[in-house]
Each structure stands twice: as C-alpha cells, then as structure tokens.
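Visitor: I should be grateful for a close look at one charged pair in this model, followed by an account of its surroundings. Please proceed from the pair itself outward.

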Amino acid sequence: MDIATMLELLGKGALVSLEIFFVTMVGSLILGLLLCLVRMSKFVVFRLLAKFYISVMRGTPLMLQLFVVYFGPYYIFNVNISPSYKLMAVFIGFVLNYAAYFAEIYRAGIESIPIGQYEAAKLLGYGRVQTFFYIIMPQVVKRIIPPVTNETITLVKDTSLAFTLAVAEMFTIAKQIAAADRKVTAFVLAGIMYYVFNLLVAGAFAKLEKKLSYYR
Amino acid sequence: MSLLQINHVEKHFGDLEVLKDISLEVEEGQVLAIIGPSGSGKSTLLRCATMLEQADGGEIIYDGLPNAVTATRAQKKEIHKYFGLVFQNFNLFPHRSVLQNVMDAPMRVQKLEKEQAKAAAMELLKKMGLEEKADSYPQQLSGGQQQRVSIARALALQPRILFFDEPTSALDPELTGEILKVIKDLAAEHMTMVIVTHEMNFAKNVADHIIFMDKGVIAVEGTPEQVFDSDNARMREFLGKLEA
Ligand SMILES: Nc1ncnc2c1ncn2[C@@H]1O[C@H](COP(=O)(O)OP(=O)(O)OP(=O)(O)O)[C@@H](O)[C@H]1O
Ligand SMILES: [Mg+2]
C-alpha cells in the first residue's frame with residue numbers, strides 16, 4: 001500500500017480518535033467537577049460513595065471498564081447490543097474513567113485555595129455559588145493546569161484503547177494496515193500523528209498557563 | 001447610639017474556653033481598641049462578632065437586627081451587610097486587579113451599576129493614595145499598599161462598623177505607619193471601628209475606649225488613660241513585657 005492511501009485511511013481513523021478525545025475532554029471535565037463536588041459534600045454518605053467510585057475507576061484498567069460498558073447491557077440486563085453502540089460505549093467508558101481523575105485534580109486544586117479567600121468573600125457578602133465561580137474556580141483553573149496537561153496527554157494516547165471494541169480509530173486502522181501490509185510503516189505513521197497531536201496539546205496548555213501567569 | 005451590643009458571649013474550642021462571658025458595646029463614631037496577650041481570645045472575639053465563628057452562647061446584636069448568635073442563614077446575610085473586616089494578611093483576590101478587588105462586591109453583591117461602582121472605587125483608591133495602582137495586581141504591591149486596598153475594598157460596601165484584626169502585624173515595621181495613618185484619618189471622619197492591635201501607642205492615641213483581654217475575659221476596660229494607668233496585675237505584667 002502506498003503512503004498516500006495509508007495516510008488517507010489513518011486520517012479517517014484520526015478523526016474518530018479526535019472525536020473520542022474531544023467528547024472525553026468536555027464530558028469528563030464537567031462530570032469530574034460534579035463528582036468532585038459530591039466528593040467534597042458535607043454528607044458523609046455522598047462523600048464515601050464518590051470516594052469509592054473514584055478509587056474503582058482509578059484502580060481498574062480502562063480496557064476492562066470499556067468491556068463492562070459495552071457488554072454490560074447484554075450480560076446484566078439482557079439487552080441486545082447493536083454494533084452502533086460501540087462508539088457510544090467508548091465515549092461513556094472514557095468519560096466515566098477520566099471524570100474520576102479530573103475529580104481528584106479539581107479537589108486538590110480547591111483544597112489548595114487558602115481559607116482566607118472564602119472568609120473575605122463571605123465578609124463581602126458573596127453567596128456560596130458566587131464565591132465558588134468568581135473567586136475560587138478562577139484560581140483553581142490556574143493551579144490545576146499542570147496535572148490537567150498530564151492527564152490530557154495520557155488521554156491522547158489512551159484513545160487507542162478503543163481498538164479493544166474494534167472502533168475504527170487511528171490505532172485500530174494502523175493495526176489492520178500493518179497486518180495486511182506485513183510492514184510497520186502504518187504504526188510509525190500513527191505514532192508520529194499521536195506525537196504531533198500531543199505536541200499541540202502541550203503547546204495549547206503552555207499558552208493558557210502563560211496567559212494566566214499575570215498573577216501568582 | 002450603640003451600633004453593636006455584645007452580651008455574655010461564650011466560645012470554646014473543644015475543652016478550651018476561649019471566650020468567657022464577654023460583654024461590650026460599640027457606640028456610633030467610637031474607636032474601640034482591643035489589646036491583650038497572645039491567645040487571650042481577641043481574634044476569636046472578632047471572628048464571633050463578624051460571624052466567621054459561631055459563638056456558643058450570648059447575644060451579638062447589631063443595631064436593629066436580630067441576634068447574630070441565633071440568626072438564621074437569611075438573617076445572617078442581612079447582618080453581614082452591617083460591617084466590614086480587614087484581615088491581618090489582607091486576603092485580597094489575587095486574580096483580580098486592585099480596582100476589581102474594590103468594585104466587584106458593590107457590583108455583584110449590591111448590584112450597583114458598573115460605572116457607579118467604578119467611580120466609587122476610584123474615589124476610595126484615591127483616598128488611599130493608590131489611584132495609579134488601580135490596574136495592578138495585588139502581588140505587585142507592597143504589604144502596606146495591599147492592606148490599603150483591602151481597607152478600600154471593605155469601605156466600598158459602606159459598612160457601619162469596620163473591624164480590624166491586627167492590620168499591621170503582617171507588615172514590615174516601616175510600613176505600619178501608613179496603615180495607622182489611614183485608620184487615624186478614618187477615625188477623624190467618625191468611622192466606627194473596632195481594632196485588635198499590638199501597637200500600644202497607636203491604641204493610646206486613636207482609641208476612645210480600650211479593652212484589655214486576658215484568658216478569655218475582659219480584665220480591664222475604659223479610656224486609654226484608665227487602662228494604661230490601671231493597677232490590674234495582668235495589665236501591668238502585659239505592659240512590662242512589651243517594654244522589656
Ligand atoms: N479554630 C480553632 N480551633 C481550636 N482552637 C483555636 C481556634 N482558634 C483559636 N483557638 C485557640 O483559642 C485561643 C485564642 O485564640 P485567638 O486567636 O483568639 O487569640 P488572640 O488573642 O487573637 O492571639 P494573638 O494575639 O496571638 O492573635 C488560643 O489558645 C488558640 O489556640
Ligand atoms: Mg489574633
């Protein structure tokens with residue numbers, strides 16, 4: 001197979017990888033924040049449930065979680081699963097997994113904000129929601145950029161795990177080409193594309209970090 | 001007229017009784033200084049009065065408002081509007097400019113128009129000698145300047161009483177003067193203030209009334225002369241230590 005055809009096929013796969021990436025980022029950053037709030041809630045039961053969820057999601061392989069999400073409906077509820085559910089299962093599995101990591105990152109960020117910020121806000125009459133969104137979160141965002149960057153870079157690479165459900169993302173396609181071709185060219189090309197994408201990710205976060213460096 | 005009445009307030013942390021039966025009154029236009037050894041409960045008293053801590057018993061009554069000790073959450077929100085607090089370590093919002101620090105609460109909390117809030121904030125910054133710093137960020141300022149911003153921020157909400165908890169003790173000695181001058185100027189304008197301080201000369205000069213706290217009780221109180229000339233043994237010991 002010539003390089004141009006290969007790149008075209010890989011490119012199509014890369015679009016699916018990108019889709020997984022963006023859906024996971026948006027979904028898990030939002031779900032992670034909600035999870036973090038539950039994790040820090042004043043109700044012990046909620047707190048423990050969230051803590052347990054996070055420890056399970058972080059303590060078991062993402063690949064296994066993808067299988068559970070994909071096959072679970074059939075084995076547990078006897079629902080017939082259609083192949084079109086595959087990509088959806090990947091989205092759900094990734095979001096559920098990454099939310100757990102982001103929840104812990106948010107929590108560390110929120111806990112690092114000095115209590116004096118809350119007290120000043122309270123004295124000035126800010127409500128709890130106002131305090132959270134106008135005073136605490138902007139400072140948290142700045143503080144969590146480094147760990148979020150790390151997770152995001154991991155996510156770019158993790159999207160390749162979707163091959164376990166035979167979703168046609170870049171790695172799955174690279175594997176197919178390599179098997180047909182009996183050469184590693186496709187793997188090398190895919191590797192380069194993952195790498196370049198991660199360079200872009202790191203660059204984007206560095207830019208954001210710089211933008212927020214106007215204060216300490 | 002008394003703006004604040006504190007009656008028989010108590011507070012303990014675990015087994016430690018930090019405030020025992022504290023009663024005091026703050027008159028309109030009065031400057032009340034609270035002095036006393038470390039750990040005597042001065043900050044705790046201020047924190048109870050400003051509802052950062054929940055007192056265990058007694059009454060904290062701002063003029064015309066319900067008892068803060070037993071107030072509901074909605075009532076507390078009302079009571080909070082009555083006073084401001086200047087912290088020892090400023091607690092400015094680091095991600096907002098000086099101007100935003102001062103005008104944000106009037107806009108967001110009091111729902112003032114932006115232009116109006118900005119004009120009022122600039123006026124206050126000017127008064128604090130900080131108009132050129134309006135667009136700076138807190139970390140770019142000296143400690144004394146930061147403390148002046150935090151005073152402006154508190155004043156922007158037009159509190160009836162302004163509390164200070166050791167407003168100069170996080171500052172280098174050469175910077176305390178500028179803060180003490182600001183407080184003096186406010187006193188000249190008849191701002192009602194309650195100031196916890198370790199600056200005895202300042203307390204003597206600016207306060208109308210001084211409370212000396214010791215081990216959770218008010219050991220001596222009165223005019224500066226009465227307090228500094230008191231023959232209370234703990235007071236003499238406290239002053240002796242400071243001179244030593
Ligand atoms: N949140 C808290 N939990 C437990 N103990 C506390 C707490 N806050 C204060 N204390 C204790 O209460 C006592 C009084 O503290 P407080 O801070 O009111 O003293 P202070 O008079 O302001 O002292 P300083 O001059 O050092 O600021 C101290 O023994 C202190 O350790
Ligand atoms: Mg104190």
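Guide: In this predicted model, Asp104(B) and Arg96(B) bring their side chains together in a salt bridge, with an N to O distance of 3.4 Å. In general, side chains of opposite charge can pair when their charged atoms come close. The cut-off for such a contact is 4 Å between a side-chain nitrogen of Lys or Arg and a carboxyl oxygen of Asp or Glu, and the 3.4 Å of this pair satisfies it.

The next point is the exposure of the two partners. Asp104(B) has a relative accessibility of 6%, and therefore counts as buried. Arg96(B) has a relative accessible area of 16% and is likewise buried. Both assignments follow because buried means under 20% relative accessible area.

A second pair in chain B offers another setting. Glu237(B) and Arg234(B) form a salt bridge whose closest N and O atoms lie 3.2 Å apart. These two residues belong to helix H9 (residues 233–243) of chain B, and because they are three residues apart there, about one helical turn separates them. Glu237(B), at 36% relative accessibility, counts as partly exposed, and Arg234(B), at 28%, also counts as partly exposed. Elsewhere, in chain A, salt bridges with shared partners connect Arg39(A), Glu104(A), Arg107(A) and Glu111(A) in one network.

Within that network, the pair of Glu104(A) and Arg39(A) may be described in detail. Their salt bridge has its closest N and O atoms 3.9 Å apart. The contact links distant parts of the chain, since Glu104(A) lies in helix H4 (residues 85–111) of chain A and Arg39(A) in helix H1 (residues 3–39) of chain A, with their positions 65 residues apart in the sequence. Glu104(A) is buried, at a relative accessible area of 16%, and Arg39(A) counts as buried at 13%. Over all chains, the structure holds 16 salt bridges.

Chain B also has charged residues gathered on its surface. Glu10(B), Glu17(B), Asp21(B) and Asp56(B) form a patch of negative charge there. Residues in such a patch have no salt bridge and over 30% relative accessible area. One of the four, Glu17(B), is located in strand S2 (residues 16–27) of chain B. With a relative accessible area of 49%, Glu17(B) is partly exposed, because the exposed class requires over 50%.

The chains that carry these features may now be set out. Chain B contains nine helices and nine strands, and 55% of its 244 residues are buried. Its C-alpha atoms fill a box of roughly 55 × 45 × 35 Å along the principal axes. The radius of gyration of chain B is 18 Å, which agrees with the value near 18 Å that a compact globule of 244 residues would have.

Chain A, by comparison, has eight helices and zero strands, and its pattern along the sequence reads α-α-α-α-α-α-α-α. The C-alpha trace of chain A spans about 70 × 50 × 25 Å along its principal axes, and 45% of its 216 residues count as buried.

To return to the initial request: the pair of Asp104(B) and Arg96(B) is a salt bridge in which Asp104(B) is buried and Arg96(B) is buried as well.

Definitions and conventions. Residues are numbered from 1 along each chain as its sequence is written. Chains are lettered from A and ligands numbered from 1 in the order in which they are written. This is a predicted model: local features need pLDDT of at least 70, side-chain atom pairs count only at pLDDT 80 or more; totals for chains, interfaces and linings use all residues. Side-chain values use heavy atoms; hydrogens and water are left out. Patches are made of residues with over 30% relative accessible area and no salt bridge: like charges are joined within 9 Å, nonpolar side chains (Val, Leu, Ile, Met, Phe, Trp, Tyr) within 5 Å. Accessible areas come from the Shrake-Rupley method with a 1.4 Å probe; for residues, only the protein chains shown count as cover. Lys and Arg count as positive and Asp and Glu as negative; His and the chain ends are not counted. The place of a charge is taken as NZ of Lys, CZ of Arg, CG of Asp or CD of Glu. Buried means under 20% relative accessible area, exposed over 50%, partly exposed in between (1.4 Å probe, protein chains only). The radius of gyration is taken over C-alpha atoms; the globule rule is 2.2 Å times the number of residues to the power 0.38.
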